[in-house]
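Colleague: I've just opened this one for the first time and I'd like someone to walk me through it. Could you start where the two chains meet, then take a close look at one of them?

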Amino acid sequence: MHEEKNNHHIGYGTYVLVWIALLAFTSITVTIAGVSLGRYTLLVALFIAAIKSALVINIFMHIKFDEKIFKVFLLLSGFTLLVIFILTFFDFLYR
Amino acid sequence: MSSHNESAVAQNHVHRDDVGAKMGMWLFLFTELLLFGGLFLVYAVYRYQYPDQFHLAGMELNTGIGTLNTIILLTSSLTVALSIAAIQKKNKFLSVLMLSLTLAFALMFMVNKYFEWSAKFSHGIYPGSEELLSLPNGQILFFGLYYVMTGLHGLHVLIGIIILSIILVMIIKDKITFDNYIKLENSGLYWHLVDLIWIFLFPLFYLIQ
């Protein structure tokens, strides 16, 4: 089971597909930036960036196929960052 | 983990812990995440405080060169992933080729960065310049963050170029092979992180229209 998991090799094709998706998302985000969406512009841009990161982390960085503990670490550090952001903004907005 | 270690020992007659090595790399990447996270936090607070001035200053940046560098970095991430896939399939030639392409893309990124920054410098916009300091606070902050964040990212690209060059030599000299490629894999992880950070820097700095 363990060995099997470690030997999960992704084919060239999958990587190329992910790369095409990443380029597509890049062109979408550049196009959308030209259209005025008001306050949603930033949200849409960050949402697309999040999708792109998910692709890079899961496929290019193999986290989807690697040891579970790496995923736990990643979620933990992401959560830490989120808490820092939320606490800082609470302080900043209600000071 | 220990069972993996034992099987690795049995197979290669050397002490090696690939999972441990990778875990160390991931832990390092998380410190990097928090380092850049802190800078993104500063950016978020000041963008919230000076939305209009960030908008004005952001218009000064060259979206075309930013987009080009995004495409270059994404493609370099692909080639480094392909380099790992190739060595797993015992295709040394393809692995070397893909890693060399990664290095070429990384250099292209830095050349673009050079032209981008020189253009800004020639317009008198660089940290501490009279032209910059005459601007309102929000714009000074925007350009300050722009230089610090893309500068720190650029430094990571330079370090990546050095690391990947060493790895390239190791593959050519058969120090990294199809059954021992953890160094290539970990360097790849580092390179993907550099790409990840750029994925967020790009819309936050270059796409403020």
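How many residues of chain A are in contact with how many residues of chain B? After that, please stay with chain B.

Modeller: Sure. This is a predicted model, where local features need pLDDT of at least 70 and side-chain atom pairs count only at pLDDT 80 or more, while totals for chains, interfaces and linings use all residues. Residues are numbered from 1 along each chain as its sequence is written, and chains are lettered from A and ligands numbered from 1 in the order in which they are written.

To your question: 31 residues of chain A are in contact with 32 residues of chain B, contact meaning that the C-beta atoms of two residues, placed from the backbone, lie within 7 Å. On the chain A side, two or more residues each come from helix 1 (2-6), helix 2 (12-34), helix 3 (40-60) and helix 4 (68-93). Helices here are DSSP runs of H or I with at least four residues, strands are runs of E with at least two, and both are numbered from the N terminus. Helix 2 of chain A gives the most, with 11 residues. By class, that side of chain A has 20 nonpolar, eight polar and three charged residues; Ala, Val, Leu, Ile, Met, Phe, Trp, Tyr, Cys and Pro count as nonpolar, Asp, Glu, Lys and Arg as charged, and the others, Gly among them, as polar. The predictor gives the complex an ipTM of 0.89 and a pTM of 0.90.

Now chain B. Its average pLDDT, the predictor's confidence in each residue from 0 to 100, is 92, and 93% of its residues score at least 70. Chain B has eight helices and zero strands, and its C-alpha atoms fill a box of roughly 65 × 30 × 25 Å along the principal axes. Of the contacts in chain B with a separation of 6 or more, 74% are between residues 24 or more positions apart. Of the 209 residues in chain B, 36% are buried: a residue is buried if 20 or more other C-beta atoms lie within 10 Å of its own, exposed if 12 or fewer, and partly exposed in between, with C-beta atoms placed from the backbone.

Helix 3 of chain B (residues 51-59) is a nice place to look, with Phe54(B), Ala57(B) and Gly58(B) buried. Seen down the helix axis, the buried residues fall within an arc of 100°, so they line one face of helix 3; that arc is taken over the directions from the helix axis to the C-beta atoms. They pack against helix 2 (18-49), helix 7 and helix 8 of chain B. On the other side of helix 3, Asp52(B) and Met59(B) are exposed.

Two loops are worth a click too. Lys90(B), in the loop between helix 4 (63-88) and helix 5 (92-122) of chain B, has a phi near 60°, a positive value in a residue other than glycine. Lys90(B) counts as exposed because it has 11 C-beta neighbours inside 10 Å. Asp174(B) sits in the loop between helix 7 (137-172) and helix 8 (182-206) of chain B, and its phi is positive as well, about 60°, although it is not a glycine. With 9 other C-beta atoms within 10 Å, Asp174(B) is exposed.

Last stop: Glu131(B), in helix 6 (residues 130-133) of chain B. Glu131(B) is exposed, with 10 other C-beta atoms within 10 Å. Leaving out residues up to four places away in sequence, Glu131(B) touches Gly124(B) and Ile125(B).
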